[in-house]
Amino acid sequence: MVRKFNPEINKVYFINQYTLFHILSGSGSIQVDFKNYTDWKDKAIYLEKGQYIKFLSEDFEVRTIEFPNKDVFENRDVRVLFKHLISLGYINFKECVDCEKYLSQSLFEGNTRQIMDVSLKQWFWQNPFNASKSEYQIIFDIKDVIDKEYPNHLTNAELEALFRENGYQAHALIKDKLGITVKSMLEEKRLVESKKDVAFTDKSIQEVSYDMGFKDPAYFNRVFKKRTGYSPTQFRENFDFERKDPFVEDLVFLLREHHMQERSLAFYADKMNLSVKALAKKTRDKMNDSLGRLIRNELINTSKKLLSSDASVKEISIALGFEEPNHFSSFFKQYTGSNPSKFKLEKVQGNAPFL
């Protein structure tokens, strides 16, 4: 099934079917499985059943395709699209010539199998971890094992024996290509699933701890708090996935209205009727991000829009409240990797990079 829609801000969209999200437009952050990501325009994200996505801005437009299970598993390579190893994987449509022709609604809807095929080609061309195809097969075989065994609290020796049964030299390959350990992958998977059970179900914390393979709920509480900074009960209260608290909507509105003139945390705290400390904590709790970074993201997104216009870099720097154009240039380059003049020229020529 294909559809195009404008997602509600801060609403949790649960993934019940293997789904492609094509971000057509939008300048805010998205959140997938408790991690925030920015700058997703014209990128495609493949999400598997059991994940969730939230849009932390009101201006997104997305197109989605839901794939039947049989289509997803016809080819083992599709795991590289759906099983994200470290952070959120994506396909950059602007770098994929074959993908571009599927951007129209009619073609997109009629070729769901083909869009997965061209995405696979693009993913391997991007090759984010610089591995061979055979190495990727092993890496994702290991990820399959982790996704299955995470509640069992296997020791390193037990994991190694399990991988050895399948002929894998798992630890060295994962460390070399992903830069992390198998144990850390296992712990991260268990933590994410624990968070989901805490945030999205009405299970008791004791039930969650047993489901995650902990024999002692008190130990689960200690581990959870060490990894998140909150007890499971506090985490459940803060996440508030049913959106009873309008805090996110109110803060996003203020940021959109005032970020070009106001950088002070005290200004936003006053508008929200909170102390600076309380606002900083609540922003972190509700949006999984700092207020300073949210202001910066708004500035960068507005900068890019203005650089696509006829305004000069000097005029843009004044509009954004920078005292000198070189201050704006330094800011933009620090957080995007490109200076404003170069970005503006590339945008005019139609080949600006997605930063």
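**Close-up 1. Asp33, a buried residue in a loop.** In this predicted model, Asp33 has a relative accessibility of 11% and therefore counts as buried, the cut-off being under 20%. To find Asp33, look in the loop that connects strand 4 (29–32) with strand 5. Check its backbone too: Asp33 isn't a glycine, yet its phi is positive, at about 50 degrees. Keep Asp33 in mind for the next view, since Asp33 is among the residues closest to the centre of the largest pocket.

**Close-up 2. The largest pocket and what lines it.** This pocket holds about 540 Å³ of space. Its lining is made of 25 residues, and those closest to the centre are Asp33, His84, Lys143, Glu188 and Val192. Which helix gives the largest share of the lining? That's helix 9, with 7 residues. Strand 5 (35–38), helix 6 (133–149) and helix 9 (182–200) each put at least two residues into the lining. Sort the lining by class and you get 11 charged, 9 nonpolar and 5 polar residues. How do you spot a space like this in a model? Rolling a probe the size of a water molecule over the atoms shows where empty space is left.

**Close-up 3. Helix 11 and its buried face.** Helix 11 covers residues 217–228, and its 12 residues should span 16 Å at 1.5 Å a residue; the end C-alpha atoms are indeed 16 Å apart, so the two values agree. Pro217, Phe220, Phe224 and Thr228 are the buried residues to look for here. Look down the helix axis and these buried residues fall within an arc of 50 degrees, so they line one face of helix 11. And what do they pack against? Their partners are helix 9, helix 10 (205–211) and helix 12 (232–239). Now check the other side of helix 11, where Arg222 and Lys226 are exposed.

**Close-up 4. Leu254 and its contacts.** Leu254 sits in helix 13, which runs over residues 247–258. Is Leu254 buried or exposed? Its relative accessibility is 11%, so Leu254 counts as buried. Leaving aside residues up to four places away in sequence, Leu254 touches His259, Tyr268, Lys271 and Met272. You can also pick out Phe267, which is 13 residues from Leu254 along the chain, with 10.0 Å between their C-alpha atoms.

**Close-up 5. Asn273, an exposed residue in a loop.** Asn273 is in the loop between helix 14 (265–271) and helix 15 (276–287). With a relative accessible area of 70%, Asn273 is exposed, because the cut-off for that is over 50%. Its phi is positive, at about 60 degrees, even though Asn273 is not a glycine.

**Close-up 6. Helix 15 and the residue that follows.** From first C-alpha to last, the 12 residues of helix 15 reach 16 Å, close to the 16 Å you'd expect at 1.5 Å a residue. Which residues of helix 15 are buried? They are Leu279, Thr283, Asp285, Lys286 and Met287. Seen down the axis, these buried residues fall within an arc of 165 degrees, so they line one face of helix 15. Just after the helix comes Asn288, and its phi is positive, near 55 degrees.

Note on methods: Residues are numbered from 1 along each chain as its sequence is written. This is a predicted model: local features need pLDDT of at least 70, side-chain atom pairs count only at pLDDT 80 or more; totals for chains, interfaces and linings use all residues. Side-chain values use heavy atoms; hydrogens and water are left out. On a 1 Å grid over the protein atoms alone, a cavity is a set of points where a 1.4 Å probe fits but cannot get out, and a pocket is an open set with protein on both sides within 12 Å along at least five of seven lines; lining residues have an atom within 4 Å of a point. Grid points are joined across faces, edges and corners, and a volume is the space filled by probe spheres set on the points. Helices (H or I, at least four residues) and strands (E, at least two) are DSSP runs, numbered from the N terminus. Ala, Val, Leu, Ile, Met, Phe, Trp, Tyr, Cys and Pro count as nonpolar, Asp, Glu, Lys and Arg as charged, and the others, Gly among them, as polar. Buried means under 20% relative accessible area, exposed over 50%, partly exposed in between (1.4 Å probe, protein chains only). Contact means heavy atoms within 4.5 Å. The expected span of a helix is 1.5 Å times one less than its number of residues. The arc is that of the directions from the helix axis to the C-beta atoms.
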